[in-house]
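Visitor: Could you pick one corner of this model and walk me through it closely, strand by strand and then helix by helix?

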Amino acid sequence: MSTSGLDFSFFLLLLSKTPISPLLALLVVVLSFVFLSPGGLAWAFYRAIPGPPGFVRALSGTAAHRALAKLSRSFQAVDLMAFSVGFTRFIVASQPDTAKEILASPAFADRPIKESAYELLFHRAMGFAPFGEYWRNLRRISATHMFSPRRISASGEYRRLVGSNMVREVQDLMGKDGEVELKKVLHFGSLNNVMMSVFGKSFDFGKGEGLELEELVSEGYELLGMFNWSDHLPLFGLLDLQGVRRRCKKLVAKEMIFRGTDTVAILLEWIMARMVLHPDIQSKAQAEIAAVVGSSRLVTDSDIANLPYLQSIVKETLRVHPPGPLLSWARLAIHNVQVGDHFIPAGTTAMVNMWAITHDECIWSEPNEFKPERFMLEDISILGSDLRLAPFGSGRRVCPGKAMALATVHLWLAQLLQSFKWVPSEKEPDLSECLKMSLEMKNPLVCRAVPMY
Ligand code: HEM
């Protein structure tokens, strides 16, 4: 009876002395065994991996990455922690070696499917498609037609145009309101960029069809990012208590475009908040742009390779504010597998807490300080080979849009910094977080943009 790490003979003794029916006693023992096991209910019948008993509710909160990091530390389970959400078995790695083992293993090449993803037909999209021939074809086709270096460089001119439109939009908003809420401008620019790459169609900022499209995408993201108890407790699935299925059914009737619009915009919003908060870092980046590009022409894609400090700012923001702190989409074990010394049964959902890794002081000095200089001293790849900082994931299901995302973020950041000095409005930027599908700023950044020339 000690498999779960608890000595149940004590309970049996206690119950044998108490005047209750043997059936009730048995029930109490079984329930205690199930609920007090390390890792909770869903792990009750497997060999113990350290983790909290009972149900973990952290995933339904807006700071799941922080709550899981704290739990992993307190259960001394930073390398691997087990937990249960309803009947779903989870593991989470908060350390580079185990993270690498999970992400690189072919056993974890599948994704757990959420009800909202099914209802929005997302199991047909690359991000949620089951591992197999269909998914492999999508990856192959998109690698050639969307994400190849040739396609990324061919779309440079359109990217620059969208960036210039955003600069104009900022100017207009400053003229009208004397301050700018950047989130809307960045989201719309990003959405237009994806629409152009996929359909060759662009929209007007915040008007007509463009506005409607933006609202549809926002609602879709909200539904996909929502923690849905129906995914983990069958009874909730029947009742649809949170209304997720009902809302998805309504939304799926309209056309949908998602991936790649929110992460780029969200990352840029965090970067700009940091620029406003750290004027010294901002002016160092502006001096670098001025030295490389000058003031007589606009920055282009081909300048980015010569702007290492600007690239370090992007890396440091990906470290401090990773858009996918839990790597957005978890992995599902296709078959039984070993992670370190632990046996992981097929059907287990595996997560990597990238936020915990990028804030671990055994790995990063002064992890809570924003210091782009650290990347000028050590060149760390952020594309998935070094798990100390892998904001795009790693292995077979690594983000296929990473090169396109970085090209876009670097260029737009350079354009925004070349055109304006960014200063606080009445209030300083608030760095509070809110984890939805991605890690967003809880209070959107509102600031002032003063023209550079
Ligand atoms: C800063 C921007 C971005 C970040 C931080 C990011 C991050 C991620 C992460 C963490 C994953 C999961 C990787 C894993 O499981 O190992 C992912 C998957 C994915 N990303 Fe990105 N991403 C970004 C931009 C983009 C863009 C621009 C696109 C497309 C236009 C894109 C398309 C995808 C797709 C389709 C997947 C699913 C791949 C699969 O399951 O096979 N992402 N991304």
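Guide: A strand here is a DSSP run of E with at least two residues, while a helix is a run of H or I with at least four, both numbered from the N terminus. Strands pair if DSSP finds at least two bridges between them. Keep in mind that the model is predicted, so local features need pLDDT of at least 70, side-chain atom pairs count only at pLDDT 80 or more, and totals for chains, interfaces and linings use all residues. Numbering starts from 1 along each chain as its sequence is written.

Let's start with the sheet. It's open and mixed, built from four strands in the order 1-2-7-4. Strand 1 (81–85) and strand 4 (331–332) sit at the edges with a single partner strand each, so each has one side left without a neighbour in the sheet. Strand 4 runs antiparallel to strand 7 (residues 349–352), joined to strand 7 by two bridges. Across that pair, Arg331 faces Ala350 of strand 7. Helix 4 (residues 96–104) packs on the sheet, touching strand 2 (88–93), strand 4 and strand 7, where contact means C-beta atoms, placed from the backbone, within 7 Å. The direction of helix 4 makes about 130° with that of strand 7; such angles run from 0 to 180 degrees between N-to-C directions, with axes fitted to C-alpha atoms, for helices over the stretch in contact.

Now for helix 15 (residues 308–320), which packs against helix 18 (residues 402–419) at about 115°, the axes 10 Å apart. Leu310, Gln311 and Val314 make the contact from helix 15, and Val409, His410, Leu413 and Ala414 from helix 18.

Notes:
Contact = placed C-beta atoms within 7 Å.
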